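Here is a walk through the structure for anyone who wants to get their bearings before heading back to the bench. Have a look at the sequence and the fold first, then read on.

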Amino acid sequence: MLLPQQNRQSLYMYGSEVAVEKECMRQLQSGVFVIHPFSLMSYYIMGMMAITFLNLIGIPMEIAFLDGTSGLAWEGFNVFSDTLFLIDVALNFRMGIISENGEEAILDIKQIRVCYLRTWFIPDVIAAFPIGYILLFADLHYHSNDNPSKTTRMMRILMFVRILSLIRLARVSRLVRFFNEVEKVSNANLEVVRLFFRILSLFMMIFLLCHWNGCIQYFVPMLEEFPTDCWVRKENLMNATVIVKYSWGVFRALSQMIALSYGSMDAPTYVEMWIVMVSMVSGCLMYTVLVANATAMIANIDPAAKEYKSKMSRLEHYMAFMKLPPELQLRITNYYQARYGGKWFDAKEVMHTVSSALREQILTVMCSRLLRNMPLFRNKDENVIISIVQRLDYEVYQEGDVIIRKNAPGDRMFFIEHGQVLEENDDFHRELCDGDFFG
């Protein structure tokens, strides 16, 4: 389970099954307990990402709305989450690291330890502080105590500990790292997968920002013990359900983040005014990040179409500089559109970069059917067909173009893939279409 698996990710990084097996031998020869980043631990990372996201949703709701009545199930989940994060801190000292150049995985224990201590150890220890254990023991002591004065003191301690549990929101940094790690080890050669994870992480961060803001809307009046002029009393939410309170909190947060209103008809109080300002600033930052990321994603989508537009722009400048007639400029533009279809690529460069076996297969798929339509090549050996297709060039002609003139040297032959050609002289004329040949 700790060794690299033979899958799309490891084969993309190491190049072959033999190279993956050599990586397994390299890890076994180290003789120490190390988790390879391309092992089955990628599923563990995804599970931790889900648990982290649930924590980042549940912790603010517990503090703001549940008022110490979260129940045994949520307290059990808190203890379970704290245990997992403590284990995760220990596992990070044994978790292999993908190097910056992406050429190999770092499996040396000393390098892993030094790298972790210099980067994420302190944030992880803070985020993994076992508040869940403290709350569980305090709740058990609170329910078993019958002394009123001690009960009141214990309630204050519980409130302080619950506010202190906000440090667990530092796990948001772990969520970002989980996304980066999953992006590295999940189909790293597929741009659509990387784009999916970027969009997913962006929307999850926006959701968390709105969620936290909605919880703060209710949490601050609760700390003030709900004064008469707070929005909670004005909306008669003192005895409402948690869902209703949360819905109103998120509604106020979104209204302020998009600068639509204060979330109610009344002006905010002095304390609420600071919440409104924080919401407005966070909303501006949220939309700035959203627009910046959306722009970057759109710019990176379909590089072939982007390159085509760049080539067409340079072509237009060239034609204008050479003062070509408008009719000729239009024909040149139509030619590029017909040949490349809005996507720029260099077919000759592709053919030169692939192996000879792949080049033969590509040309055979593209051109063998056209050759076998000609009686001269219909029953020829496959090797003859392959040798001929490697000498073929792809060309595009527009309506009105003269392909061959009368009495021109007969040094070439044409096979029509798509389109129509009119062949005529003084004695006859005929129309040729898909699959025909001439020359």
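## Two neighbours in a loop

E225 is out in the open: its relative accessible area is 65%, so it counts as exposed. This is a predicted model, so take the local detail in that spirit. E225 sits in the loop that links α10 (191-223) to α11 (231-234). Its backbone is worth a look, too, as E225 has a positive phi of about 60 degrees without being a glycine.

What about F226: buried or exposed? With 14% relative accessibility, F226 counts as buried, because the cut-off for that is under 20%. F226 belongs to the loop between α10 and α11, and its phi is positive as well, near 55 degrees, again in a residue other than glycine.

## The chain as a whole

Stepping back, the chain has 18 helices and 6 strands. Of its 439 residues, 36% are buried. The accessible surface adds up to about 26,900 Å², and carbon and sulfur atoms account for 62% of that.

How much of the contact network joins residues far apart in sequence, meaning at least 24 apart? Taking contacts between residues at least 6 apart in sequence, the share is 64%.

## Cysteines

If you're wondering about disulfides, a quick reminder: a disulfide is a covalent bond between the sulfur atoms of two cysteines. The count in this model is 0 disulfides. As for individual cysteines, C230 is buried, with a relative accessible area of 1%, whereas C284 is exposed at 51%.

## Helix α14 and its two sides

Helix α14 runs over residues 303-321. Its 19 residues should span 27 Å at 1.5 Å a residue, and the end C-alpha atoms are indeed 27 Å apart, so expectation and model agree.

Which residues of α14 are buried? They are A305, Y308, M312, L315 and M319. Looking down the axis of α14, the buried residues fall within an arc of 75 degrees, so they line one face of the helix. The cover over these buried residues includes α15 (326-340). Over on the other side of α14, P303, K306, H317 and F321 are exposed. After α14 comes K323, with a positive phi near 55 degrees.

## Helix α12

Helix α12 covers residues 242-257. It has 16 residues and reaches 22 Å from its first C-alpha to its last, close to the 22 Å expected at 1.5 Å a residue. The buried residues of α12 are K245, Y246, G249, V250, R252, A253, S255, Q256 and M257, a list that includes the charged-type names K245 and R252 alongside V250. Following α12 is A259, which has a positive phi near 55 degrees.

## Annotated transmembrane regions

The UniProt record, an unreviewed entry, carries the annotation "transmembrane region" for residues 43-66, 72-93, 114-137, 157-174, 195-219 and 274-301. How do two of these stretches look in the model? Residues 43-66 are 100% helix and 0% strand, with end C-alpha atoms 32 Å apart. Residues 195-219 are likewise 100% helix and 0% strand, and there the end C-alpha atoms lie 36 Å apart.

D88 lies in helix α4 (residues 71-91). D88 is buried, with a relative accessible area of 2%. Which residues does D88 touch, leaving aside neighbours within four places in sequence? The partners are Y44, M48, R174 and F178.

## Towards the end of the numbering

V396 is in the loop between α18 and β3 (414-415). At 13% relative accessibility, V396 counts as buried, because buried means under 20%. Beyond its neighbours within four places in sequence, V396 is in contact with Y335, A338 and R339. V396 and Y340 are 56 residues apart along the chain, yet their C-alpha atoms are separated by 9.7 Å.

S387 is found in helix α18 (residues 382-389). S387 is partly exposed, with a relative accessible area of 31%. The C-alpha atoms of S387 and E360 are 8.8 Å apart, with their positions 27 residues apart along the chain.

Technical notes: Residues are numbered from 1 along each chain as its sequence is written. This is a predicted model: local features need pLDDT of at least 70, side-chain atom pairs count only at pLDDT 80 or more; totals for chains, interfaces and linings use all residues. Side-chain values use heavy atoms; hydrogens and water are left out. A disulfide is a pair of cysteine sulfur atoms within 2.5 Å. Buried means under 20% relative accessible area, exposed over 50%, partly exposed in between (1.4 Å probe, protein chains only). Helices (H or I, at least four residues) and strands (E, at least two) are DSSP runs, numbered from the N terminus. Contact means heavy atoms within 4.5 Å. Accessible areas come from the Shrake-Rupley method with a 1.4 Å probe; for residues, only the protein chains shown count as cover. The expected span of a helix is 1.5 Å times one less than its number of residues. The arc is that of the directions from the helix axis to the C-beta atoms. UniProt positions are given in the numbering used here, feature names are shortened, and annotations may be inferred rather than shown by experiment.
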